[in-house]
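Subject: Model handover

Hello,

Here is the model you asked for, with the sequence alongside. My notes on it follow below.

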Amino acid sequence: MPSQHLVKVAGRIAPLVCFPDPLPTEWARPLRDAGYELVCASSTAAVASLERSGEQSWAGAVVCATDDMAEAIALCRYLRRREEPVAPLLLIVARHQVHELRLRNDLFDDFCVAPLHPGELAARIQHLFWRSGEPADQALVEHGPLVLNLETYQAGIAGRTLDLTYMEYQLLRFLATHPGKVFTRETLLNQVWGYEYYGGARTVDVHVRRLRAKLGEEHAHLIQTVRSVGYRLGQAGWAGTPFSQEPEKGRHAPGADEPLAAER
Amino acid sequence: MQDRRDYVLRTVEERGIRFVQLWFTDVLGTPKTFNITPAELENALDEGMTFDGSAIDGFSRVQESDVLARPDANTFQLIPWHGHAEPVARVFCDVFNLDQTPFEGCPRHALRRTLERASRAGYTFFASPEVEYFYFARTGTDPTRPPEPIDTGSYFDLTGADPSSDLRRRTVLTLEEMGIPVEHAQHEDAPGQQEIDLRYTDALTMADTVMTARLVVKELARQDGVHASFMPKPLAGVQGSGMHTHLSLWEGERNAFSDPDDPYGLSAVAKHFIAGLLHHAREITAITNQWVNSYKRLVLGYEAPIHVSWARNNRSALVRVPVVKRGKSDSTRVEYRAPDSACNPYLAFAVVLAAGLRGIEERYELPPEADANLYDLSPEELVAKSIGSLPVSLNDAVDEMERSKLLLDTLGDHVFEWFLRNKRAEWSAYRAEVTPFELKRYLPVL
């Protein structure tokens, strides 16, 4: 189910909402460098007004409490006390404010203590996304050079668009959303084809071979044959991580056509 | 079905597709198409597109001529050679009557019906054809002169000077890009002759694939100023172009042809299937070899089958059982060597399967293996071994077909009758010709 940080518009990544406005440059820059789009607000009311303008949905939040603890906590409450709470939410406090976090565990996912290393914010946000087990954009599934956009049914390999038939797409989608996990032909038939298939269990082999042909020689190995069991996408070690081993690699990067430079 | 439909519509939108080609096939295996714009696609997917069937060979009927092309959304595929700037996609269609019943003249239905018969008996049917064809110089299309091959290569030749190897390589890559896996491709025996072996799929997909592959081969050749031809025997004195097809039946994940304990590695099902092929071979030849020219290929001396027999390592046999590698009993299959590359693959796969299934149903007994080279046997020896011959001409084949209840049942009245009429007419037209053979042989002396 879509949560509010899920991006709907082709390839566009939802921004992180930040407080205060502006976020200190030495914190904002590493976040932007990591590919996050930032929208800063000076108060809860400002955030509410952004939301009323209709277009904002938040990938997550970075709230700095060092200058105005009361407003920061009000904003956290505002972002969390709703049907679909904004997450992940990272709170920054000064050393002397740490004791004020007591009984407020529901308002944030993690906190860090200022002063902090410039890269720490980006690293913590990255880790929170990883821990929540979903990429910032659930519509995009990536494995190394392979990208699937589940919203538009489009797939690409190393920047090249793949022209897939419906069943080829469904099979690739199923394998790519369960990377590293081995499936028998029977399971794939049941899960991907449902009761509608005809062609028998060998149909799976046929489609795997067709997919490999389309991936091209260079990437054909993405779909691995597990002898006398079945097939899996990628390495066994990928099991349990729902996306690439290098989550930062382009995953949050805005599209090339987005005015990232202008925002800096 | 809704998902498939949405997938197709969304892809058309995302990829900026300007035209969608609706593909279907007439009774003789000629590809047919009409283009629609994306705006019409939704309607086409939901209700089908009406077109005038009388414009197409074998689709005409007396009472009404309008029929419906209903796209099979599973087969929606971009056509790579139209480029990425203004992409074009194709989708195969099933043809229906306006009352939504399957149209009797549609070859895809004939194959579907036969596959459903196999499926009711618990089998799925896989086919893997070896498609042979020639590359000729464009100037060689003057029909009064023999065509000129574009190379002088031979079987499995590897030469830098072979102008067809680059074209063949690009053709294979384009096929792979369209999701058509190629097992291997090589230069064949005759000058200019090529072979592309397609990896097995279920027979319906394979019939679609053969249609696509023939178009890809022709289109890429055309772009190079070369004429690609699937004519069964374009040059006298060298090999013709066959479409040897490897066949197997599966029960779920089990190869129904395999029995590792049998001396031949063949199950009882496989033996009955082969017996069915042999028993009905003469009846189905009009379909697997449907042109006057097809019978110029089925002659002595060019590795084409002429006798109704089966064997393991004997390429003169009609049905060959390739020896499988140890531990690879899953690849057990039979190779039917009569079909040529100019057949209608839907009808050819349908009649071949029907013959095999009849063998299984009636528990036909498999005759002994033909271990000798059949080409070396005298007519008396062939009679002694009760080895029959394939039809020697289209006329001969059509006579056999006309008597066949199996073919009537498999093809349905409409296709059966239209095909006989069409082939009788082709034979009459051929008979009325005076050929260069006759002029050369008779004019000087008679």
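Which residues touch the most other members of the largest nonpolar core? Please keep in mind that this is a predicted model. The core has 99 residues, and those that touch the most other members are A203(B), I274(B), F349(B), V351(B) and V352(B). Helix α8 of chain B, residues 345-361, gives the most to this core, with twelve residues.

V352(B) also has contacts along the chain beyond four places in sequence: L247(B), L277(B), I284(B), T288(B) and Y336(B). A second core of 53 residues is separate, and its members include F183(A), V208(A), Y7(B) and L41(B). As background, nonpolar side chains in soluble globular proteins tend to be buried together.

Now to chain A. The domain assignment splits chain A into domain 1 (16-136) and domain 2 (140-238). Between the C-alpha centres of these two domains the distance is 38 Å.

Chain A also has an open sheet of five strands, with parallel pairing and the order β2-β1-β3-β4-β5. At its edges are β2 (38-40) and β5 (110-114) of chain A, each paired on one side only. On average, neighbouring strands are turned by 20° against each other, direction ignored.

Strand β1 of chain A (residues 16-19) pairs with β2(A) in the parallel sense over three bridges. C18(A) has C40(A) in β2(A) as its bridge partner. Helix α3 of chain A (residues 69-80) packs on this sheet and touches β1, β3 (60-64) and β4 (89-94) of chain A. The direction of helix α3 makes about 165° with that of β3(A).

Regards

Definitions and conventions
Residues numbered from 1 in each chain as written. Chains lettered and ligands numbered in written order. Predicted model: local features only at pLDDT ≥ 70, side-chain atom pairs only at ≥ 80, totals over all residues. Core = buried A, V, L, I, M, F, W, Y, C linked by C-beta atoms within 7 Å. Buried ≥ 20, exposed ≤ 12 C-beta atoms within 10 Å, placed from the backbone. Helix = DSSP H or I, 4+ residues; strand = E, 2+ residues; numbered from the N terminus. Contact = placed C-beta atoms within 7 Å. Domains from an automatic or database assignment. Pairing = 2+ DSSP bridges. Axes fitted to C-alpha atoms, helices over the stretch in contact; angles between N-to-C directions.
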